[in-house]
Amino acid sequence: MIGTVLCYVLLPAARLLRALRDAFFTCRKNVLLAKSTATQIEGVFAATRGRSVPEEQEALLQQWLEEGAGNLPASESAPAVGKVSVTLTSDWLEGSELLMTSLSDLNSAPEVTQCAGQQLTELHALASAEPQDHAVTELAKLAPEETVAVAGSAPWAAVVPQSDHQIAGCAAIGVEVQNEDPAVLAWSLARDAETVPTEPPAWPIQDTIQFSPLLTEVPYHEILWRDWEDLSVQPCVLEQVSKNTSLFEFRVMSYNILAQDLVEQGLDLYLHCHPDILNWNYRYPNLLQEIQHWDPDVLCLQEVQENHYWEQLEPMFKEMGFVCFYKRRTGTKTDGCAVCYKHSRFQLISFSPIEYFRPGLDVLNRDNVGLVLLLQPLLPEGLDLKAVSPLCVANTHVLFNPRRGDIKLAQMALLLAEIDKIAKTTKGGYYPVILCGDLNSVPDSPLYRFIRNGELSYHGMPAWKVSGQEDFSQQLYSRKLLAPLWPSSLGVTDSCQYVTLCQPKKPGRHKYSRDFLLQFQFCDVACERPLQLVLLEGVTDAKPDRPAHWPKPAAMVKDPDPQPFVPSHFLPQRGRPEVTTMPMGLGATVDYIFYSAEPVENGNRGGRRLYQDGALKLLGRLSLLSEDVLLLANGLPNPFCSSDHLCLLASFGLEISSLREG
């Protein structure tokens with residue numbers, strides 16, 4: 001019943017609306033015909049004679065001849081090619097659109113006259129096409145940059161040409177712009193402004209149509225400017241360096257350069273980028289120029305594609321004076337890690353690649369790798385090499401998966417065991433160590449604290465919590481870490497040392513001191529009542545009080561010289577945390593340069609150990625950026641930074657113990 005009523009109501013209404021639409025467009029056609037010249041109409045009509053023309057178009061052209069010329073004043077009877085332009089668009093999306101565009105505001109532009117031949121060609125093409133419904137839209141006196149929307153089509157901008165090489169096209173899509181070669185837009189800090197392709201709005205919705213936008217001026221070098229922080233003038237550094245002590249100064253760079261294979265495998269992560277800036281032919285010279293600009297002495301790279309390394313990177317680095325070592329990820333992966341050093345500053349003592357994959361071990365079943373090198377600094381002539389300590393440099397790229405913190409910890413344990421083997425001196429001490437890499441862990445996460453503080457209690461910890469990348473606490477069932485994390489067959493102790501290299505323990509020697517263990521007797525975890533404990537009144541229902549003579553836990557020891565605590569990896573000038581990468585528009589710090597330092601006695605602030613520089617001193621570093629700044633540049637990568645990570649750069653100094661030869 002309802003369907004019958006709707007048919008009787010809606011069908012007459014649809015016929016009425018169609019009749020009103022036809023009447024409206026007929027009136028609009030008559031008005032537009034009055035504005036055209038007879039010569040123009042006659043020329044267009046002559047071009048279509050002898051061809052199969054739809055009846056509606058035939059009637060329209062005939063009406064131009066019979067009525068249009070008679071309504072024009074005598075002054076307009078002469079041809080005026082630059083006055084009115086008829087643009088026929090065929091095969092534009094779904095269906096043809098007849099656009100009559102008034103270009104009275106553009107009659108002084110020389111590009112208009114160049115469209116006449118193209119207009120006649122398109123008119124012939126339309127005349128031979130199948131008859132379809134056409135909508136006539138008057139685009140009178142368009143202002144520059146005014147957006148025009150045609151029924152059934154996507155919006156586009158009608159722009160007045162700004163230069164000789166930009167031609168106002170008569171094609172269906174819009175104004176034709178000659179894009180500058182993106183390779184010309186090289187990375188440089190010296191340029192005042194850069195003309196680059198403008199990216200679509202950041203982080204677009206899936207399945208949206210992407211258009212190549214027009215060129216615009218974006219001062220990327222101003223937005224992404226990074227300051228150099230000179231730490232050598234700070235009092236704490238000046239106190240540690242005596243007047244008679246000289247330093248061997250060098251620069252270290254760590255950089256995840258984004259393998260091209262990973263770009264093509266995960267294009268959904270880079271929808272915010274203009275396609276041109278994702279091309280390796282654009283990114284390679286950009287990355288190379290950035291490395292050349294900062295001129296590091298030691299270069300640690302992650303996500304280095306194997307064919308790019310052997311065919312392009314290594315030959316170029318050799319020309320720059322580097323000696324390079326590379327380790328590809330195991331399995332079918334096509335990228336890996338590389339460590340390069342300048343042969344004029346260092347010479348190689350030992351080199352050790354690391355594969356984290358161990359068959360049959362679930363905690364070590366991924367293809368990540370690392371590199372550990374022991375380098376000898378080269379001093380000027382007349383100085384003995386023994387006057388300066390060798391330097392251990394390690395580089396790695398840890399597993400990304402935020403849920404598998406157990407694998408991250410096991411991989412880091414293997415790397416630290418290799419560093420322990422390479423950096424250990426014959427006297428039982430250690431050479432200075434610099435650890436670089438993409439650790440896929442955020443600041444103050446358990447993995448970060450493990451590297452910084454040297455210890456971690458992980459038993460019962462949820463695996464996702466190790467790296468701190470994401471919060472999976474709402475999951476009912478999550479993987480938890482159990483001790484021991486790896487089997488003894490791996491040959492690595494819980495102190496991250498190879499069993500074969502460990503010194504035998506002396507009989508009667510305890511691993512931990514009595515005072516160290518006593519400080520945990522009344523900690524919060526020890527005083528928490530277990531759920532399975534039988535409740536006995538007066539026995540198991542009370543929380544023990546801390547005796548006055550028991551030492552307080554380290555977290556409760558007060559700093560004798562209290563100072564305001566500054567969070568790690570924080571930009572105090574902007575009041576925001578610093579970031580090294582920006583996946584899907586969310587900034588995070590996952591790249592680090594760690595270096596060996598000496599702990600301060602009784603130094604602990606906010607649960608973090610305090611350190612002071614030893615033989616290896618941090619002299620300066622390149623500041624990072626905050627998330628809001630990177631958003632202004634449409635995230636990473638962009639035309640200025642050709643990776644989805646920012647490079648890290650630090651300057652160090654090694655003490656030269658003696659200035660005399662021998």
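**Exercise 1. Which residues in α10 meet which residues in α11? Describe how the two helices pack.**

Solution. This is a predicted model.

Step 1. Find the contacts. From α10 come Lys408, Leu409, Met412 and Leu416; from α11 come Leu447, Phe450 and Ile451.

Step 2. Sort these residues by character. Six are nonpolar, one is charged and none is polar.

Step 3. Turn to the geometry. Two packed helices are described by the angle between their axes and the distance between the axes. Helix α10 spans residues 405–423 and helix α11 spans residues 446–453. Their axes come within 11 Å and cross at roughly 20°. Angles under 35 degrees count as roughly parallel, so α10 is roughly parallel to α11.

Step 4. Add the hand. The crossing of α10 past α11 is right-handed.

**Exercise 2. Decide whether α11 is mostly covered, and say what follows the helix.**

Solution.

Step 1. Count. Six of the eight residues in α11 are buried, so the helix is mostly covered, given that buried means under 20% relative accessible area.

Step 2. Name them. The buried residues are Pro446, Leu447, Tyr448, Phe450, Ile451 and Asn453.

Step 3. Look past the end. Glycine 454 follows α11, and its phi is positive, near 90°.

**Exercise 3. Place serine 352 and list its partners.**

Solution.

Step 1. Locate the residue. Serine 352 sits in strand β13, residues 346–355.

Step 2. Check the exposure. The relative accessible area of serine 352 is 10%, so this residue is buried.

Step 3. List the contacts. Neighbours within four places in sequence are set aside; serine 352 then touches Gly370, Leu371, Val372, Glu418 and Ile422.

Step 4. Pick out the polar contact. The side chains of serine 352 and glutamate 418 make one at 2.4 Å.

**Exercise 4. Is lysine 617 buried or exposed? Find what its side chain reaches.**

Solution.

Step 1. Locate the residue. Lysine 617 belongs to strand β22, residues 616–622.

Step 2. Read the accessibility. At a relative accessible area of 2%, lysine 617 is buried.

Step 3. Follow the side chain. It reaches the backbone oxygen of glycine 614 at 2.7 Å. A polar contact of 3.0 Å also joins the side chain of lysine 617 to that of glutamate 655.

**Exercise 5. Look for backbone features: cis peptide bonds and positive phi values outside glycine.**

Solution.

Step 1. Take the cis bonds. The bond from alanine 483 to proline 484 is cis, with omega near -5°. Proline 484 lies in the loop between α11 and α12. The bond from leucine 636 to proline 637 is also cis, with omega near -10°. Proline 637 lies in the loop between α13 and β24.

Step 2. Take the positive phi values. Leucine 258 has a phi of about 65°. This leucine is in the loop between β9 and α7, and is buried at 2% relative accessibility. Glutamate 303 has a phi near 55°. This glutamate is in strand β10, and is buried at 10%.

**Exercise 6. How far apart are the C-alpha atoms of alanine 387 and serine 657? Set the result beside the whole chain.**

Solution.

Step 1. Place alanine 387. This residue is in the loop between β14 and β15, and is buried at 6% relative accessibility.

Step 2. Give the distance. The two C-alpha atoms are 5.2 Å apart, though 270 residues separate them along the chain.

Step 3. Widen the view. Of the chain's contacts with a separation of 6 or more, 70% join residues 24 or more positions apart. The chain has 13 helices and 24 strands. Of its 662 residues, 42% are buried.

Notes. Residues numbered from 1 in each chain as written. Predicted model: local features only at pLDDT ≥ 70, side-chain atom pairs only at ≥ 80, totals over all residues. Heavy atoms only, no water. Axes fitted to C-alpha atoms, helices over the stretch in contact; angles between N-to-C directions. Helix = DSSP H or I, 4+ residues; strand = E, 2+ residues; numbered from the N terminus. Parallel < 35°, antiparallel > 145°, perpendicular 65-115°, else oblique. Left-handed = near helix turned anticlockwise from the far one by under 90°. Contact = heavy atoms within 4.5 Å. Nonpolar A, V, L, I, M, F, W, Y, C, P; charged D, E, K, R; others polar. Buried < 20%, exposed > 50% of the residue type's maximum accessible area, 1.4 Å probe, protein only. Polar contact = N/O pair within 3.5 Å; in protein donor to acceptor, adjacent residues only side chain to side chain.
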